[in-house]
Amino acid sequence: MGDEAAAQVRVAWARIEKWMAAHAPGSLAMLRPAATEKQITAAESMLGVRLPPALRAWYLLHDGSVGTHTDDFQDATDGSLVTNPEWRKTAWLPPCYAWYQLDRMVTKWQARTTPEVGSQDRAHLPLTVTAGDAWAGLFMDADPERATFGRIGAWSIPSPDYVTESDFTLPQWLEEIASALETGRCLRGANGVDMPEVWPHLDEEEGALAWGDPEDMEEEDWTIHRGHL
């Protein structure tokens with residue numbers, strides 16, 4: 001099962017990168033080089049948890065992306081994240097997240113599992129975060145003894161983590177992203193129901209991809225992606 005999940009991640013991600021290279025090269029360029037086995041082993045040692053096979057395969061493709069910390073970009077205008085076009089490029093995982101590189105995953109996990117912040121579940125590995133922020137993102141359940149092992153849930157500072165057996169596994173999530181991009185439609189949940197507030201949009205000038213509600217995105221000059229390009 002582990003080998004199969006890892007293979008599914010590689011295939012789905014190849015579809016995503018192919019589409020991104022053609023239509024959103026600016027966002028694609030935000031990805032970091034692949035993590036090494038040594039980096040993954042070091043992260044696992046600090047976490048005290050083995051990365052599920054699908055997650056390990058994902059990091060062996062890229063060590064996350066830039067844009068998961070406010071220091072990643074500097075704005076030469078007024079210091080605002082909004083006015084720096086680089087921030088528009090990096091939060092392209094739906095609904096609006098940047099992918100944690102391994103060392104920042106570990107740092108965030110350490111912060112979330114200390115008694116001072118409520119001792120969050122130590123098997124919940126943070127995967128993504130709002131670009132340039134630290135308030136919300138997605139995590140994976142890395143406890144192999146649970147029915148929710150390998151599934152993705154949402155975390156945020158003010159709310160408890162939440163994942164159910166109906167939520168996506170990483171391969172399923174990446175396959176759904178690939179399909180939505182390739183066919184030009186909104187994202188669908190793990191239950192197959194449309195999520196009309198999560199449509200892919202493009203900023204062709206910046207080569208950027210983002211996901212969101214069409215009405216809101218139009219106000220920010222994003223162009224909705226419908227159908228094949």
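A crossing of two helices is called left-handed if the near helix is turned anticlockwise from the far one by less than a right angle, and right-handed if it is turned clockwise. With that in mind, and remembering that the model on your screen is predicted, you can begin the tour.

Select helix α1, residues 2-23, together with helix α7, residues 170-183, and you will find that α1 passes α7 in a left-handed crossing. Their axes lie 9 Å apart at an angle of about 25°, and because angles under 35 degrees count as roughly parallel, α1 is roughly parallel to α7. Now show the side chains where the two helices touch: α1 contributes residues including Val9, Trp13, Ile16 and Trp19, while among those from α7 are Leu170, Leu174, Ile177 and Leu181. Sorted by class, the residues of this contact are 12 nonpolar, 2 polar and 3 charged.

Next, turn to the largest nonpolar core, which has 55 residues, and select Leu55, Trp58, Tyr59, Leu170, Trp173 and Leu174, the members that touch the most others. Helix α1 supplies the largest share of this core, with 8 residues. Centre the view on Trp173, which, apart from its neighbours within four places in sequence, is in contact with Trp58, Leu93, Pro94, Leu138, Ile152 and Phe168.

Finally, select helix α3, residues 37-47, and helix α6, residues 102-112, whose axes are 10 Å apart at an angle of about 5°, so that α3 and α6 are also roughly parallel to each other. Here Gln39, Ile40, Ala43, Met46 and Leu47 of α3 meet Leu102, Met105, Val106, Trp109 and Gln110 of α6, a contact with 8 nonpolar, 2 polar and no charged residues.

Methods. Residues are numbered from 1 along each chain as its sequence is written. This is a predicted model: local features need pLDDT of at least 70, side-chain atom pairs count only at pLDDT 80 or more; totals for chains, interfaces and linings use all residues. Side-chain values use heavy atoms; hydrogens and water are left out. Axes are lines fitted to C-alpha atoms, for helices over the stretch in contact, and angles run from 0 to 180 degrees between N-to-C directions. Helices (H or I, at least four residues) and strands (E, at least two) are DSSP runs, numbered from the N terminus. Angles under 35 degrees count as roughly parallel, over 145 as roughly antiparallel, 65 to 115 as roughly perpendicular and the rest as oblique. Contact means heavy atoms within 4.5 Å. Ala, Val, Leu, Ile, Met, Phe, Trp, Tyr, Cys and Pro count as nonpolar, Asp, Glu, Lys and Arg as charged, and the others, Gly among them, as polar. A nonpolar core is a set of buried Ala, Val, Leu, Ile, Met, Phe, Trp, Tyr and Cys residues joined through side-chain atoms within 4.5 Å. Buried means under 20% relative accessible area, exposed over 50%, partly exposed in between (1.4 Å probe, protein chains only).
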